[in-house]
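Trainee: I would like a close look at a single part of this model. Please take one strand pairing, then work outward from there.

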Amino acid sequence: MSHEGIHGTDGGAGGCGAPAGTHGVDAHTASLPPGIMANPPAGPVTRAVPPAAEQDPRPEEHAEPSADAAGEPAGEVLRGVPEHTGKRPPTYPPHPLRPPSIRGGDDFAAFSPSVLLDGATVERLTVRAASVRGDSHNWEGTCRQDAMTVTRIGPPEAEMLLLAVADGVGSAKYSHIGSYRATRQAAVHLDREAEGIHAALCARDAVKLSALANKAIAGAVAELRDGWERTARYENRPYADGDYATTLHVLLVPTDPRVRDRVVFGVGDGGLFVLRDTYWHHGTPAGEGVIDTRTEALPHAYSTVESTLLRTVPGEVLLLGTDGITNPLTQKDPEFAQRLAHAWGGAAPSLSDFLWQAQTRAKSYDDDRTVVCVWEEA
């Protein structure tokens, strides 16, 4: 998240590493090997296969076939550079650059991977999830400040899929730690309330769901704050809540197909969309269509956990994301939204295909991107 401030705090200077600035992007691009910045081809790229004699020196009776059943040469299909919307690709290079250094004094940032990929199949539900370091963070050599969690909570009779995304506030020094810990600690506390949440879902009791969400998130925040304060004392440095500022959105989906209601708990920007009849619909309260540089955030700069109850049917696709994906989904030019609707409107893709599709680029949208999608069989 590239927000300059959040409600209730001026934010801290810093981030996950020292930014190198955006000047010099063109110079760097010009220095890249030929072809690295080329526009992606219209279709899949096929790598040529060398003649069989060069490809496999083993005796002929043990060699693998070099052609498919139709007699066409076999080849490996490569995805290549992620696609982009608009006439021109973004200025930033479309691949990870230097990671943060251990010498920067932040081990968590230095060891954070550029990409997280996850998935699951539970009953009739299929999940695909990806968290990708943004182009601007790649360029600056700073870490991914987004985080995600995919897990199950509750006993068998009240089991739910828990899908969480969090976006660390860009101006907060340890927001990458805040987002990572917030998704996990929230899951632990929501698991403690799982039976009550499941019962409230079955009863469509929005008031009860809101109360349970606020109780669970408040408990998670209290534990996180206590741990972060102890760490600050151990490291002999001052502690400030704002250093760990992060948004948080959690989607709970009962694994029992007879329960048709789902609930989203949220603090800050980002949220849920529903793909229905080839169009993306807001699953959580929509803003005014203007990207704001201020947002509510945990652990301190929020008034309440927003709860949204919704009912879905098999065939609809749920998308939970940080603003790195929800902002381009709502831009005036519909191309980005249409591409993802086409890619994700049918059966769930493979993990690798989902990651490639999730990296579809849009000019000026260069923040970290975390997206979790849920498909349900009819």
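Mentor: Start with β4 and β13. These two strands pair in the antiparallel sense, over 8 bridges. Keep in mind throughout that the model is predicted.

Take one residue on the β4 side. T126 lies in strand β4, which covers residues 125–132. Its bridge partner in β13 is W375. Leaving out residues up to four places away in sequence, T126 touches A120, T121, A348, C373, V374 and W375. Is T126 buried or exposed? T126 has a relative accessible area of 13%. Buried means under 20%, so T126 counts as buried.

Now cross to β13, residues 369–376. Here 8 of the 8 residues are buried, so the strand is largely enclosed by the rest of the structure. Look at how the side chains alternate. R369, V371, C373 and W375 point one way from β13. T370, V372, V374 and E376 point the other way. Both sets are buried. The charged ends of the strand, R369 and E376, are included in that.

β13 has another partner, β12 (residues 317–321). The two run antiparallel and are joined by 4 bridges. G321 has V371 as its bridge partner in β13. Go one strand further. β9 (residues 271–276) and β12 also run antiparallel, with 5 bridges between them. There, L275 stands opposite V317 of β12.

Put these together and the sheet appears. It is an open sheet of 6 strands, in the order β3-β4-β13-β12-β9-β10, with antiparallel pairing. β3 (115–122) and β10 (279–282) stand at the edges. Each has a single partner strand, so one side of each is left without a neighbour in the sheet. On average, neighbouring strands are turned by 20° against each other, direction ignored. A helix packs on this sheet: α10, residues 351–358. It touches β3, β4 and β13, and its direction makes about 50° with that of β4.

Next, the other sheet. This one is also open, with 5 strands in the order β5-β6-β7-β8-β11, and its pairing is antiparallel. Its edge strands are β5 (146–153) and β11 (306–311), each pairing on one side only. Neighbouring strands here are turned by 15° against each other on average, direction ignored. At one end of the order, β8 (residues 261–267) pairs with β11 in the antiparallel sense, over 6 bridges. R262 stands opposite L310 of β11.

Which helix lies across this sheet? It is α5, which crosses β5, β6 (160–167), β7 (248–254) and β8. α5 runs at about 20° to β5.

Stay with that helix. α5 (residues 175–192) packs against α6 (residues 194–203) at an angle of about 70°, with their axes 4 Å apart. That makes α5 roughly perpendicular to α6. The contact brings L190, D191 and R192 of α5 to A194, E195 and I197 of α6. By class, it has 3 nonpolar, no polar and 3 charged residues.

Two of those contact residues lead into the core. The largest nonpolar core has 27 residues, and L162, L190, I197, I217, L252 and F265 touch the most other members. Elements giving two or more residues to this core are β6, α5, α6, α7 (206–234), β7 and β8. The largest share, 6 residues, comes from α7. Follow I197 outward. Leaving aside neighbours within four places in sequence, I197 is in contact with M160, L190, L209, L212, L252 and F265. There is also a second, separate core of 21 residues, which includes F273, I325, L329 and W344. As a general background, nonpolar side chains in soluble globular proteins tend to be buried together.

Last, step back to the whole chain. It has 10 helices and 13 strands. Of its 378 residues, 47% count as buried. Among contacts with a separation of 6 or more, 76% join residues 24 or more positions apart. The pairing of β4 with β13, where we began, can be read against that background.

Notes:
Residues are numbered from 1 along each chain as its sequence is written. This is a predicted model: local features need pLDDT of at least 70, side-chain atom pairs count only at pLDDT 80 or more; totals for chains, interfaces and linings use all residues. Side-chain values use heavy atoms; hydrogens and water are left out. Axes are lines fitted to C-alpha atoms, for helices over the stretch in contact, and angles run from 0 to 180 degrees between N-to-C directions. Angles under 35 degrees count as roughly parallel, over 145 as roughly antiparallel, 65 to 115 as roughly perpendicular and the rest as oblique. Contact means heavy atoms within 4.5 Å. Two strands pair if DSSP finds at least two bridges between them. A nonpolar core is a set of buried Ala, Val, Leu, Ile, Met, Phe, Trp, Tyr and Cys residues joined through side-chain atoms within 4.5 Å. Buried means under 20% relative accessible area, exposed over 50%, partly exposed in between (1.4 Å probe, protein chains only).
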